[in-house]
Amino acid sequence: LAGCGGEQANDANNGQTPATAGDKLVFGSDTSYAPFEFSGADGKLTGFDVELIAAINEAVGTNIEIISYDFKGLVPALETASIDGAISAMTITEDRLKKVDFSMPYYLSGQSVAVQAKNETIKGFDDLEGKKIGVQTGTTGEIEANKVPNANIISYDTMDGGFMDLNNGAIDAIICDFPVVAYYINQGNDGIKIVGDMQTSEHYGIAVPKQKPEVLEAVNEGLRILKENGKYAELYKKWFGV
Ligand code: ARG
């Protein structure tokens, strides 16, 4: 009940503790998506989304735990409330909003096209016609790839497969969230490059089952606090350097 378990309340929260305080909440995530969710050098989950959830837990006293999940399985699992939420660099789309609720937007992203660094013919989205394009199954990148005439679309369960195949030349390009490709290149993978402008503008949200408004409320309250108290800015700077 709202107001119970007040030991977690803090000032920024006006002393109100969300209904979900203390209960363990299980959130799904495809944890092969650096810098948002991935296994760090110590094998522990880390990334912007992972630290954002930890900060929300701290701010509002929720007990959210992240478990690894197939990306394409997240929305179906949310629809049946088999999980309490999902944080997975997931874009808020009209289509998904019919099936799940989303928190306030927490990250502005967009699709980018990447090719081998030595490729001199594909300079952007418009040059993809008839090409072999790698995407992650069930993503907005896949939706963009479907708009390309005569494309040979290769769908991967995780983006790792797409990066691998692009590196070894099995595919011509990938369409993937810009910050993910940029981070990958920054890690020393200079065999690939981003070409052209960002193809879309997309907002990530934390997804919650429509049956669990109390979880949505807690997550939004957490995001509000973190945006107010500077913690969100701190995490953003840590992971994206600005
Ligand atoms: N932003 C894209 C989407 O929502 C891709 C997200 C993929 N996330 C992941 N953790 N693999 O469709």
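Around the ligand sit 14 residues, and the ones that come nearest are Asp30, Ser88, Thr91, Arg96 and Asp177. Keep in mind that this is a predicted model. The ligand's space is the largest cavity, and aspartate 127, in a loop between two strands, gets its own look further down.

**Ligand contacts**
- Aspartate 30, one of the residues that come nearest, puts a polar side-chain atom 2.6 Å from a nitrogen atom of the ligand.
- Glutamine 136 also uses its side chain: a polar atom there lies 2.8 Å from a ligand nitrogen atom.
- With threonine 140 it's the backbone that does the job, as one of its polar backbone atoms is 2.8 Å from an oxygen atom of the ligand.
- On its own the ligand has 350 Å² of accessible area, and the protein covers 100% of that.

**Aspartate 127**
- You'll find aspartate 127 in the loop that runs between strand E8 (111-116) and strand E9 (132-136).
- Is aspartate 127 buried or exposed? Neither, really: it counts as partly exposed because its relative accessibility is 31%, and the partly exposed class falls between under 20% for buried and over 50% for exposed.
- Its side chain reaches the backbone nitrogen of lysine 123 at 2.7 Å.
- Leaving out residues up to four places away in sequence, aspartate 127 touches Thr121 and Ile122.
- Glycine 196 is 69 residues away from aspartate 127 in sequence, yet the C-alpha to C-alpha distance between them is 9.9 Å.

Methods
Residues numbered from 1 in each chain as written. Predicted model: local features only at pLDDT ≥ 70, side-chain atom pairs only at ≥ 80, totals over all residues. Heavy atoms only, no water. Helix = DSSP H or I, 4+ residues; strand = E, 2+ residues; numbered from the N terminus. Buried < 20%, exposed > 50% of the residue type's maximum accessible area, 1.4 Å probe, protein only. Contact = heavy atoms within 4.5 Å. Polar contact = N/O pair within 3.5 Å; in protein donor to acceptor, adjacent residues only side chain to side chain. Near = heavy atom within 4 Å. Areas by Shrake-Rupley, 256 points an atom, 1.4 Å probe, with all protein chains shown as cover. 1 Å grid on protein atoms, 1.4 Å probe; cavity = no way out; pocket = protein on both sides within 12 Å on 5 of 7 lines; lining within 4 Å. Sits in = over half its atoms within 2 Å of the grid points.
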